[in-house]
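Student: I would like a close look at a single part of this protein. Please take one helix together with the salt bridges, and explain the reasoning as you go.

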Amino acid sequence: MLGDVEYVEAEYLHALSPSERAGFRGDADSWRRRITPTAYCSHTVAPIMRITGARPAAVAGFLVPKAGSGDGAASTAAALLVVRMDDGTVAKALHGFLQGEPRSGWSRLRVHGSHGYAANDAGGDGGDGDWSVRLEAPAWASADHTRSDTLVPADRAGIPTGVTPADEGDYLVCAQFLRSIRGEAPPLFGAADAVDVSLVGMYAALSIEAGGTSVDIPDLRDPILRAAQADRHHPSLTTTTPPR
């Protein structure tokens, strides 16, 4: 229905108060304070990879500063990554702390195809509407030349009664993990895919150092390219632990 995927947007945002954000980040030794702000991009880049079936090939990174807080990772409100996939698809990945979300940890997905558009419904109340998918197709792309706008309910096949919508993601991840280690099904997202997701955040940090210039991401599935990355060290990929 969507045709070929041309552009994807994925967001993972926490709409926290200043005190909630301080607690979320933890004490001065918390890992959340020691990684580059671009590193926590798995919640956005992984869905983009699943939707496109492609590998991230290049990334340009930008930091959204937290108003009135000075410089440094601790003052970053969000990280914006513009990713080019190896099939030519362009994607925007946004994660961090921004106001205006219906609840903390809210995720949005938008997919623009050559023949239509899809997005998760932004109910935000934690109910069924949060996970429904809205499909839109222009009149010219339909057989009857009529524009369509359809809300497709979430598919909850295989989810036991009693698992709340807010817990379904955790349930599905654990269930898939068990199936894979039992040999019942291949991993939904393999080790090589996970490495690709991590590389996006790492190379986005290098892009920020270069003023937002797009940086190529090596394909570490290629043994030659993988060997070329051995023993490389980038101090910028970790941030200094703030003083106590």
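Tutor: What follows goes from the whole chain to one helix, and then to the charged pairs and one loop.

The model is a predicted one. The protein has six helices and nine strands. Of its 244 residues, 35% count as buried. Among contacts between residues at least 6 apart in sequence, 61% join residues at least 24 apart. The accessible surface comes to about 13,400 Å², and 57% of that surface belongs to carbon and sulfur atoms.

Now the helix, α4. With 14 residues, α4 reaches 20 Å from its first C-alpha to its last, close to the 20 Å expected at 1.5 Å a residue. Which residues of α4 are buried? They are Glu168, Ala175, Gln176 and Ser180. Looking down the axis of α4, one finds these buried residues within an arc of 135°, so they line one face of the helix. An α-helix has 3.6 residues a turn, so residues three or four places apart point the same way. On the other side of α4, the exposed residues are Asp170, Val173, Phe177 and Ile181. Just after the helix comes Gly183, with a positive phi of about 80°.

Glu168 also takes part in a charged pair. Side chains of opposite charge can pair when their charged atoms come close. Here the side chain of Glu168 meets that of Arg156 in a salt bridge, at 2.4 Å from N to O. Arg156 lies in the loop between β8 (148–152) and α4 (168–181), while Glu168 is in helix α4, so the pair ties together parts that are 12 residues apart in sequence. Are the two partners buried or exposed? Glu168 has a relative accessible area of 8%, so it is buried. Arg156, at 25% relative accessibility, counts as partly exposed.

This pair can be set beside others, since a search of the whole structure finds 11 salt bridges. One of the others joins Lys92 and Glu11, with 3.2 Å from N to O. Lys92 lies in strand β4 (residues 90–96) and Glu11 in strand β1 (residues 5–13), so this pair ties together parts that are 81 residues apart in sequence. Lys92 counts as buried because its relative accessibility is 18%, under the cut-off of 20%. Glu11, at 13%, counts as buried too.

A further salt bridge is formed by the side chains of Arg221 and Asp193, at 2.8 Å from N to O. Arg221 is in the loop between β9 (215–216) and α6 (223–228), and Asp193 is in helix α5 (residues 191–209); the two are 28 residues apart, and the pair links distant parts of the chain. Arg221 is partly exposed, with a relative accessible area of 40%, and Asp193 counts as partly exposed at 22%. Salt bridges that share partners join Arg221 and Asp193 with Arg55, Asp196 and Asp219 into one network.

Last comes a point about the backbone. Most residues other than glycine have a negative phi. His145 has a phi near 55°, which is a positive value in a residue other than glycine. His145 is found in the loop between β7 (133–137) and β8. With a relative accessible area of 60%, His145 is exposed.

Notes
Residues numbered from 1 in each chain as written. Predicted model: local features only at pLDDT ≥ 70, side-chain atom pairs only at ≥ 80, totals over all residues. Heavy atoms only, no water. Salt bridge = Lys/Arg side-chain N within 4 Å of Asp/Glu carboxyl O. Helix = DSSP H or I, 4+ residues; strand = E, 2+ residues; numbered from the N terminus. Buried < 20%, exposed > 50% of the residue type's maximum accessible area, 1.4 Å probe, protein only. Expected span 1.5 Å × (residues − 1). Arc of directions from axis to C-beta. Contact = heavy atoms within 4.5 Å. Areas by Shrake-Rupley, 256 points an atom, 1.4 Å probe, with all protein chains shown as cover.
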